[in-house]
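Hi there,

Here is the model I promised to pass on to you. Please open it alongside this email, and my notes follow below.

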Amino acid sequence: MDRRTVLKGLAGASGLALTGGFAAPAIAQGASAKTLRFVPQANLANFDPIWGTQYVVRNAAAMVWDTLYGIDDQFVPQRQMVESEEVSSDGLTWTFKLRPGLKFHDGSPVLAKDVVASLTRWSARDPMGLMLKAIQNELTAVDDKTFKWVLKQPYPKMLFALGKGNAPCAFIMPERIAQTDPFKQMSEYIGSGPFKFAKSEWVPGAKAVFEKFTDYVPRQEKPVWLAGGKQVLIDRVEWVIMPDPATAAAALQNGEVDWWENPITDLVPVLKGNKNIGVDIGDPLGNVGAFRINHLHAPFNNVKARRAILMAMSQEDYMRALVGDDNSLWKPLPGVFTPGTPLYTEEGGDILKGKRDIAAAKKLLEEAGYKGEPITCVVAQDQPITKAFGDVTADLLKKLGMTVDFVATDWGTVGARRALKTPPAQGGWHMFHTWHAGADCINPAAYNALRANGDKAWFGWPDSPAVETEVTNWFNAKSLDEEKVVAGRINKAAIDDVVFAPTGFFLGYTAWRKTVSGVAKGPIPLFWGVSKTA
Amino acid sequence: MLAYALRRVLSTLPVMAIVALFVFSLLYIAPGDPAVVIAGDQASPADVERIRANLGLDQPFLVQFGSWVWRLLHFDLGTSIFTNLPVAAMIAQRIEPTLSLMMVTLFLTIFIAVPLGVIAAWKAGTWIDRTIMAFAVFGFSVPVFVVGYILAYVFALQLDWLPVQGYTPLAQGFWPWLQNLILPAVALGCVYIALIARITRAAMLEVLQQDYIRTARAKGLGQGGILFIHALKNAAVPIVTVVGIGIALLIGGAVVTESVFAIPGLGRLTIDAILRRDYPVIQGIVLLFSFVYVLVNLLIDITYTLVDPRIRY
């Protein structure tokens with residue numbers, strides 16, 4: 001019996017007990033109706049959304065800092081801090097005007113110079129920002145409310161870049177803070193968003209507190225994801241960090257917390273069985289599972305060996321290892337873009353469909369010159385997702401007759417080791433597993449893992465001129481129809497050259513007590529529009 | 001005695017220095033890189049390098065070690081790589097919950113385990129002895145997290161007597177403070193109770209066979225007086241030793257207990273720091289723990305003189 005089994009059994013039993021009506025006077029009271037207690041996906045260990053790009057930092061930052069534009073559920077950037085924008089006929093000069101009433105949490109007004117400093121810091125770290133910086137002539141404040149971005153060549157994705165929810169987002173902060181070196185952590189957390197960060201109450205690893213910013217003036221439009229009016233209906237949000245899922249489940253059932261961002265699949269049936277708890281898919285964009293292969297070393301420096309993996313792998317095996325029997329939580333993914341989004345395509349994805357052909361895959365491996373050398377598969381055991389994927393891959397490699405050097409380690413070690421380009425026998429690697437938020441995979445803008453520019457590419461260093469050409473074409477595309485055509489070609493090239501092996505598309509649940517209302521589906525937890533009764 | 005205590009305190013300095021060097025060296029050679037964790041999945045290798053340089057992680061071992069020791073000599077434990085907060089402040093934030101948990105656990109343990117051990121020795125070979133020892137085996141065998149989940153299930157979820165998780169500072173009231181600590185202390189104390197009960201029983205059995213106990217019985221002394229005044233005092237040295245050793249068990253156990261009960265203490269801080277490779281925090285905590293351990297051993301040695309007048313330093 002392992003820890004997980006015990007945890008699952010007890011949580012199950014506790015769920016039955018609670019739904020069976022073991023109610024008693026609660027000694028462990030929930031917070032007041034004006035305080036929402038939220039269990040986030042991870043610890044908020046730092047709070048500089050430009051310096052640290054972890055999802056949890058981005059999610060917290062979206063409460064405190066506002067953006068010029070916000071992406072809605074159609075992936076269209078809508079005005080947020082901006083009142084109007086104008087682009088010159090040659091597409092080179094963008095002029096933006098800020099909307100009135102914008103204030104930072106320290107009471108100072110948001111000025112164009114703050115925006116300029118913020119965009120300068122952001123563009124030193126963000127992939128789209130770097131592209132803009134590379135073609136920038138000047139970025140200047142025209143007056144207190146107007147700023148101008150002059151480019152050397154048109155950049156049709158400008159508004160998407162400024163409004164995207166992918167980390168790092170183009171958050172606006174006061175000039176004095178934004179002047180911090182983008183590679184150093186800032187120490188003041190002043191934004192103009194709907195919540196203020198209570199720094200004095202921050203205990204990294206335990207608690208982070210956000211208070212309603214009463215001077216925030218929301219837009220009048222209906223809130224949709226990161227766009228529209230961010231109406232705050234609670235006074236205070238407390239993030240309670242709980243590393244143990246069983247504890248989080250028990251705390252939610254007991255009313256000690258109000259909302260748990262991402263319950264683990266094992267515990268969801270218990271939560272669903274509790275009449276006081278609502279459970280639903282949290283982020284409709286889900287996640288794309290990825291099996292990264294190192295393109296630098298034999299046998300996988302030969303495309304035939306990489307295709308052998310695609311030909312043999314069963315995405316269903318990967319997904320079932322992760323989500324069990326809940327079919328609503330996964331989909332096969334014969335492509336690289338997020339299912340259900342405009343650019344999703346299966347063009348060129350046939351190799352991932354249908355019956356798996358181990359014999360043909362073995363033949364391809366032989367043609368690639370594989371002769372039984374050990375294949376170093378680095379697997380983080382402390383992440384349930386990578387552990388599940390790693391176990392399936394080990395089995396797959398054995399079926400293919402490969403010798404597996406299974407390196408079971410932690411995510412911190414994988415993170416360091418995957419950066420090594422040395423041969424696997426000298427500390428390098430052949431393969432590791434990860435996953436990408438579906439929001440990052442809706443298009444190539446923030447999709448580093450899709451890039452195939454050799455040495456400059458993401459870990460595995462794929463080199464595919466076809467992919468790179470089409471990515472450039474996507475950035476230059478002027479309409480969605482044009483983008484869709486290009487996306488089809490990107491998908492085909494990425495699968496043909498096996499930039500990485502997609503293991504499937506999977507979703508996760510979120511759970512909240514029914515005293516909480518207004519929990520909306522979205523790419524991040526959205527706290528505006530959420531209210532709570534006592 | 002004072003000179004001895006002073007000598008012992010001073011002797012902790014070389015121990016601490018060796019611990020410091022050992023910990024620093026281990027972290028230096030350990031795989032993992034905080035810059036990679038900070039940079040996130042989307043960062044380029046150049047970004048990672050720049051972050052490493054900013055953190056000084058690209059410096060040679062001796063430079064990094066020298067700079068850390070220099071700060072240490074100025075009573076500066078450094079700044080967390082991730083939170084940008086001083087390590088001393090982070091430890092200060094977390095020390096109260098851990099100290100509270102350990103104190104309540106120790107209190108529970110001593111007041112349960114010692115009487116159990118005495119009774120088991122007194123009733124050696126009977127069903128009472130066997131029952132107590134069976135509980136001791138259970139305490140040894142069942143992991144802290146299992147006991148923790150069972151307690152949370154029964155006393156928090158079913159009976160709703162106590163909270164599942166969290167910590168309330170003592171400043172907010174004794175009962176709110178205690179109610180958050182009862183379940184974790186019992187969970188953490190199980191193995192410790194088992195250990196001390198067994199040691200107490202063994203020590204008492206030996207003492208109860210001594211001539212002076214027979215003499216005490218012969219002169220008509222009551223059972224309670226024999227057990228708790230004459231026998232227990234003479235059996236105290238090994239018990240006190242095990243209590244000291246047990247502090248190390250408590251420190252280790254606190255890591256798991258604090259995770260299970262979401263207590264924001266040093267144990268969780270340690271785990272978080274290790275997983276993220278937050279070197280200054282790990283170094284600060286290990287130094288603190290080693291200092292506490294050395295100090296506890298000193299206190300134990302001094303306690304020997306109180307329970308056994310023959311021992312003199």
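**Helix 13 of chain B and its surroundings**

In helix 13 of chain B, the buried residues are Leu266(B), Gly267(B), Arg268(B), Leu269(B), Thr270(B), Asp272(B), Ala273(B) and Arg276(B). That makes eight of the eleven residues of the helix, so helix 13 of chain B is largely enclosed by the rest of the structure. Do keep in mind that this is a predicted model.

What do these buried residues pack against? Their partners include one element from the other chain, helix 13 (411–417) of chain A. Within chain B, they pack against helix 2, helix 5, helix 12 and helix 14 (279–307). If you follow the backbone just past the end of helix 13 of chain B, you will come to Arg277(B), which takes a positive phi of about 65°.

**Where the two chains meet**

Helix 13 of chain B also has a part in the interface, so to speak, and here is how that looks as a whole. The contact involves 50 residues of chain B and 53 residues of chain A. On the side of chain B that touches chain A, two or more residues come from each of helix 2 (34–39), helix 3 (45–55), helix 7 (144–158), helix 12 (236–260) and helix 13 (266–276) of chain B. Helix 7 of chain B gives the most, with nine residues. By class, this side of chain B divides into 29 nonpolar, 13 polar and eight charged residues.

**Chain B as a whole**

Chain B has 14 helices and zero strands. Its C-alpha trace spans about 85 × 55 × 35 Å along the principal axes. Of its 313 residues, 40% count as buried. Taking the contacts in chain B between residues at least 6 apart in sequence, 73% join residues at least 24 apart.

One residue you might like to click on is Ala5(B), in helix 1 (residues 2–29) of chain B. Ala5(B) and Leu299(B) are 294 residues apart in sequence, yet their C-alpha atoms are 8.9 Å apart in space. Leaving aside residues up to four places away in sequence, Ala5(B) touches Leu298(B) and Ile302(B). Is Ala5(B) buried or exposed? It falls in between: Ala5(B) has 14 C-beta neighbours inside 10 Å and therefore counts as partly exposed.

There is also a helix pair worth a look. Helix 5 (residues 87–122) of chain B packs with helix 6 (residues 127–141) of chain B at an angle of about 140°, and their axes are 8 Å apart. The crossing of these two helices of chain B is left-handed. On helix 5 of chain B the contact is made by Leu116(B), Ile119(B) and Ala120(B), and on helix 6 of chain B by Ile128(B), Asp129(B), Ile132(B) and Met133(B). Six of these residues are nonpolar, none is polar and one is charged.

**The strands of chain A**

Turning to chain A, you will find an open sheet of four strands in the order 4-5-7-6, with antiparallel pairing. Which strands stand at the edges? They are strand 4 (82–87) and strand 6 (136–141) of chain A; each has a single partner strand, so one side of each is left without a neighbour in the sheet. From one strand to the next, the twist averages 10°.

Inside that sheet, strand 5 (residues 93–98) of chain A and strand 7 (residues 146–151) of chain A pair in the antiparallel sense over five bridges. Phe96(A) stands opposite Phe147(A) of strand 7 of chain A. Helix 3 (residues 112–122) of chain A lies across strand 5, strand 6 and strand 7 of chain A, and runs at about 145° to strand 6 of chain A.

Further along chain A, strand 15 (residues 374–380) is mostly covered, with six of its seven residues buried. Strand 15 of chain A pairs in the parallel sense with strand 16 (residues 403–409) of chain A over seven bridges, and with strand 17 (residues 431–437) of chain A, also in the parallel sense, over two bridges. Val378(A) is a handy place to see both pairings: it stands opposite Val407(A) in strand 16 of chain A and opposite Phe432(A) in strand 17 of chain A. Together with helix 12 (residues 384–399) of chain A, strand 15 and strand 16 of chain A make a right-handed β-α-β unit.

Happy browsing, and best wishes!

Key: Residues are numbered from 1 along each chain as its sequence is written. Chains are lettered from A and ligands numbered from 1 in the order in which they are written. This is a predicted model: local features need pLDDT of at least 70, side-chain atom pairs count only at pLDDT 80 or more; totals for chains, interfaces and linings use all residues. Axes are lines fitted to C-alpha atoms, for helices over the stretch in contact, and angles run from 0 to 180 degrees between N-to-C directions. A crossing is left-handed if the near helix is turned anticlockwise from the far one by less than a right angle, and right-handed if clockwise. Two residues are in contact if their C-beta atoms, placed from the backbone, lie within 7 Å. Ala, Val, Leu, Ile, Met, Phe, Trp, Tyr, Cys and Pro count as nonpolar, Asp, Glu, Lys and Arg as charged, and the others, Gly among them, as polar. A residue is buried if 20 or more other C-beta atoms lie within 10 Å of its own, exposed if 12 or fewer, and partly exposed in between; C-beta atoms are placed from the backbone. Two strands pair if DSSP finds at least two bridges between them. A crossover is right-handed if, with the strands pointing away from the viewer, the path from the first strand over the helix to the second runs clockwise.
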